[in-house]
Each structure stands twice: as structure tokens, then as C-alpha cells.
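User: I am new to this structure and would be grateful for a close look at one part of it, namely a strand-helix-strand unit and its surroundings. Please set that part in the context of the whole chain.

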Amino acid sequence: MVGRVAIGWAFVVSSVLLFFVFLAVLFVGGSGSLGAQGTESEEAADSGGDRQETQGPEAQGGEEGRGSGEEPSEPEAVGADESGMVMVLEYHRVGGDPGLAPDWTISPEDFRAQLELLHENDYYPINLRDLLDNRVDVPAGKTPVVLTFDDSSDTQFTMVQDGEGWVPDPDGAVGILQQFHEENPDWPMSATFFVLPEADPPNDLFGQPELAGEKLEFLVENGMEVGNHTLYHANLAQSAPEEVQRQLALANAEIQSHLPDYEVVSLSPPFGEYPQDMSLIRSGSWEGEDYEMQGAVEVAGGATVPPGHRQFDPYRIPRIQAEPHKGHLAELLAHFEANPEDRYVSDGDPETVTVPEENRDQIDGDALRQSDTELRAY
Ligand SMILES: [Zn+2]
């Protein structure tokens with residue numbers, strides 16, 4: 001008898017263990033596209049905090065549901081509305097000498113404080129290319145936010161030596177993002193860097209030319225995106241069509257000389273100036289080098305409607321200048337706090353676009369078909 005009971009228990013225990021291994025395998029498989037992410041237990045631990053009070057345990061259930069192939073949580077439970085607005089933030093200098101460009105500088109302390117604030121308010125970073133693809137892979141109940149950095153200055157990414165070799169300067173943009181991710185594993189290192197491969201130092205791929213390749217690899221390996229800001233900050237409105245194509249094709253080619261298989265699909269036209277012939281923003285070529293951009297960002301304009309929305313123009317995505325003295329980010333955060341119905345809230349499933357019934361008309365069915373996503377109204 002004792003033997004049979006013991007064997008019975010062993011069977012139950014091993015079955016339960018196997019089930020958890022099975023879940024863990026599914027979870028890892030399901031979150032692969034996001035790059036750097038926390039482990040399941042870290043994310044679960046985080047979800048046990050204050051966030052549950054505001055959005056309920058169902059919000060996190062949605063994420064697990066995605067991993068295990070079940071239906072995601074009820075959209076009502078998380079207030080999913082994927083027709084709402086998304087913030088694309090625009091940064092330039094992070095720290096460094098504030099006297100050089102006071103209007104375009106955020107201090108390391110202020111940048112960390114903004115990340116804290118976004119994290120506490122259920123925002124979740126994605127790369128611009130994920131917005132362009134309409135693959136918004138964000139946990140249920142959270143709002144995507146895109147952090148973009150223009151001009152590839154040394155203040156964004158200088159490598160310094162520590163005991164283990166070269167590491168990002170902890171007070172630059174990349175170092176701060178890395179540290180914030182280590183402290184908050186549920187906040188991936190997603191951000192889009194619009195770089196200038198041939199600008200004068202220190203804007204030539206973040207200064208330190210001998211480390212340019214290593215830096216670009218670091219960004220991509222850690223889940224971030226490298227985008228095109230022309231070769232050296234050309235004004236595309238004042239450039240001949242050939243010059244527009246030369247700037248865009250060769251900037252891509254230089255990035256790809258460091259990242260051979262990498263496709264550059266996002267563009268930030270310097271000064272927010274577009275060429276007369278808008279088709280040159282989308283695609284073109286120069287001496288055998290082709291480029292194809294899936295989208296472009298402006299230099300101002302506020303929050304954007306999301307992909308799939310009838311008014312979404314991927315080549316005219318407005319941004320929010322995030323330097324705190326301008327007050328734009330604080331203003332928008334306050335607006336979304338007071339008007340939560342204006343805010344994009346994820347259903348946790350990148351393959352569906354979920355909206356309340358009354359917002360169904362805002363969604364463009366053709367755009368959804370092109371991105372292979374499905375509309376769900378409730
Ligand atoms: Zn710029």
C-alpha cells in the first residue's frame with residue numbers, strides 16, 4: 001500500500017512539474033519577438049504589485065493566455081482600445097554639457113525620472129518599426145510608447161572601460177536604458193536611434209569611430225532599432241532628387257556595413273523637412289544601393305493615431321519633444337490621465353486589433369488585412 005501511494009504521489013508531482021515545464025517552454029516561444037525581456041517569474045512578481053489594483057489580475061492573465069495558446073483575457077477587463085493614441089517621444093542629447101544645446105538636452109536624472117513615470121503609468125516601450133508593422137506586442141492593459149533618439153551624439157552612447165571591458169557610459173541614453181531594464185525586467189530595452197553615419201564628430205555614429213560597429217551591434221542585440229537620419233543631417237526639402245536618394249541609400253549602406261543583414265526601415269528626415277517628391281521617402285536607389293522605408297517621423301505634432309487607424313500615415317508620424325522644460329510630455333501624460341478613453345490600451349495579442357464597438361469605424365480594414373491582423377470589436 002505504502003509503495004503504491006508513494007508512486008501515486010510521485011506521478012502527481014512529476015505531472016505537475018512537467019506541466020510547468022510545458023508552460024515555460026510555451027511562454028519563451030511566445031515572447032521571442034520582443035528581444036530583451038524579463039523572465040516569467042520576474043514579470044509575474046512585478047504584476048503582483050500595485051498594478052493589480054488598477055487593472056485587475058485579468059490583465060496579466062492575458063499575457064499568459066497568449067503564451068499558452070488560449071484566448072487572451074476579456075478585452076473589457078483590461079479596457080482594451082487599440083484605436084487610441086500612442087506617444088512617440090523624441091530625444092536628442094542626454095546629459096553632456098547642457099550649455100552646448102540647452103533646448104535639446106535632458107539631464108540623466110530627468111531622463112531616468114521620465115522612464116520611472118512611464119513605467120509606473122503602465123506604458124511599455126516598443127521600437128518604431130513594430131508600430132509601422134502593426135505588430136504591437138505589448139502586455140494586455142499596457143500602452144505602447146516609442147522612445148526615439150536623433151543625431152547619434154556621444155551623449156547617447158559613449159563606451160567606457162570598466163573591469164569587464166567596454167560598457168555603455170551609465171549616464172548616457174543607452175546606459176540609462178540598460179540600467180533601467182536591469183532594475184525593471186518588465187521594461188525591455190526598446191528604442192529607436194536615428195543615426196548620422198557621416199556627421200562631424202561626435203555625431204558620427206555616437207563618436208568613437210573605432211567602436212561604431214560594436215555600438216550598432218549592441219543596440220540591435222539588445223532589442224533596439226537603428227534608423228536613418230541621412231548621412232550628415234541633410235535638409236531633404238532643399239536637396240535635388242538625386243541627392244535625397246544618395247543621402248538615404250548611403251546612410252543605409254553605412255549602417256549595413258556594420259550590420260550586414262540588418263534592414264533599415266525607419267527614417268527621421270532632419271529638421272522635419274520632406275523632399276518635394278514624397279515617393280523618394282518611401283524608396284529609391286543610388287549607384288546600386290536600394291532603400292525602402294516603411295515609415296518616417298516628424299519633429300513635433302503630439303501623439304499619433306495607431307497603425308490600423310484610418311488617419312494613420314506611416315510617413316508622417318508626429319512626435320513629442322520630450323525635453324522636460326518644454327512641458328509636452330507632462331501635458332500629454334496629464335491629458336491621458338484625465339481622458340483615459342483617448343489612450344491606446346493593448347489587448348495583449350499582436351495579431352488582433354481590439355476596440356470598443358463605438359470605435360469600430362475608426363479602424364481601416366484594408367490596413368489590417370495588409371498587416372495580417374484581425375479586428376475584434378466588443
Ligand atoms: Zn537631427
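Analyst: The model is predicted, with an average pLDDT of 85 for the protein and a score of at least 70 for 81% of the residues. Over residues 1-14 the pLDDT is below 50, and this stretch has zero contacts in the model beyond near neighbours in sequence. Residues 16-69 also stay under 50 in pLDDT, although the model has 65 contacts for them beyond four places in sequence. Where pLDDT is low, predicted coordinates should not be read in detail.

As for the whole, the protein contains 13 helices and 16 strands. Of its 378 residues, 42% are buried. Among contacts with a separation of 6 or more, 68% are between residues 24 or more positions apart.

The part chosen for the close look begins with strand E8 (residues 192-195) and ends with strand E9 (residues 225-228); the two run parallel and are joined by four bridges. Within this pairing, Phe-194 stands opposite Gly-227 in E9. Between the two strands the chain passes through helix H9 (residues 212-221), and the resulting β-α-β crossover is right-handed.

The path from E8 to H9 has a feature of its own. Pro-202 lies in the loop between E8 and H9, and the peptide bond that leads to Pro-202 from Pro-201 is cis, with omega near 5 degrees. Most peptide bonds are trans, and most residues other than glycine have a negative phi.

Next comes the helix itself. In H9, the residues Ala-212, Lys-215, Leu-216 and Leu-219 are buried. Viewed down the axis of H9, its buried residues fall within an arc of 95 degrees, and therefore they line one face of the helix. These buried residues of H9 pack against E8 and E9, and also against strand E6 (159-162) and helix H10. Just after H9, Gly-223 adopts a positive phi of about 95 degrees.

The chain then enters E9. Glu-225 and Gly-227 point one way from this strand, while Val-226 and Asn-228 point the other way, and all of them are buried. In the loop from E9 to H10 one finds His-233, whose phi is near 65 degrees, a positive value in a residue other than glycine. His-233 has 16 C-beta neighbours inside 10 Å, so it counts as partly exposed.

Two of the elements that H9 packs against, E6 and H10, lead on to other parts of the model. Asp-151 lies in the loop between strand E5 (143-150) and E6. Asp-151 has a positive phi of about 90 degrees although it is not a glycine. Because Asp-151 has 23 C-beta neighbours inside 10 Å, it counts as buried.

The nonpolar core provides the wider setting. In soluble globular proteins, nonpolar side chains tend to be buried together. The largest nonpolar core here has 67 residues, and those that touch the most other members are Val-88, Leu-89, Tyr-91, Val-145, Val-146, Ala-173 and Phe-193. Helix H10 (residues 241-258) contributes the largest share of this core, five residues. Leaving out residues up to four places away in sequence, Val-145 touches Met-87, Leu-89, Leu-118, Tyr-123, Tyr-124 and Pro-125.

For comparison, another unit of this kind is found at strands E15 and E16. Together with helix H13 (residues 365-370), E15 and E16 make a right-handed β-α-β unit. Four bridges join E15 (residues 352-355) to E16 (residues 374-377), and these strands run parallel. In that pair, Thr-352 stands opposite Glu-374 in E16.

Two further residues show other surroundings. His-119 lies in helix H6 (residues 108-120) and is partly exposed, with 18 other C-beta atoms within 10 Å. Apart from neighbours within four places in sequence, His-119 is in contact with Asn-184 and Trp-187. Asp-103 is placed in the loop between strand E2 (93-94) and strand E3 (105-106), and it is exposed, with 10 other C-beta atoms within 10 Å. The C-alpha atoms of Asp-103 and Arg-93, 10 residues apart along the chain, are separated by 9.4 Å.

Conventions: Residues numbered from 1 in each chain as written. Predicted model: local features only at pLDDT ≥ 70, side-chain atom pairs only at ≥ 80, totals over all residues. Core = buried A, V, L, I, M, F, W, Y, C linked by C-beta atoms within 7 Å. Buried ≥ 20, exposed ≤ 12 C-beta atoms within 10 Å, placed from the backbone. Contact = placed C-beta atoms within 7 Å. Pairing = 2+ DSSP bridges. Right-handed = clockwise from strand over helix to strand, strands pointing away. Arc of directions from axis to C-beta. pLDDT = per-residue confidence, 0-100.
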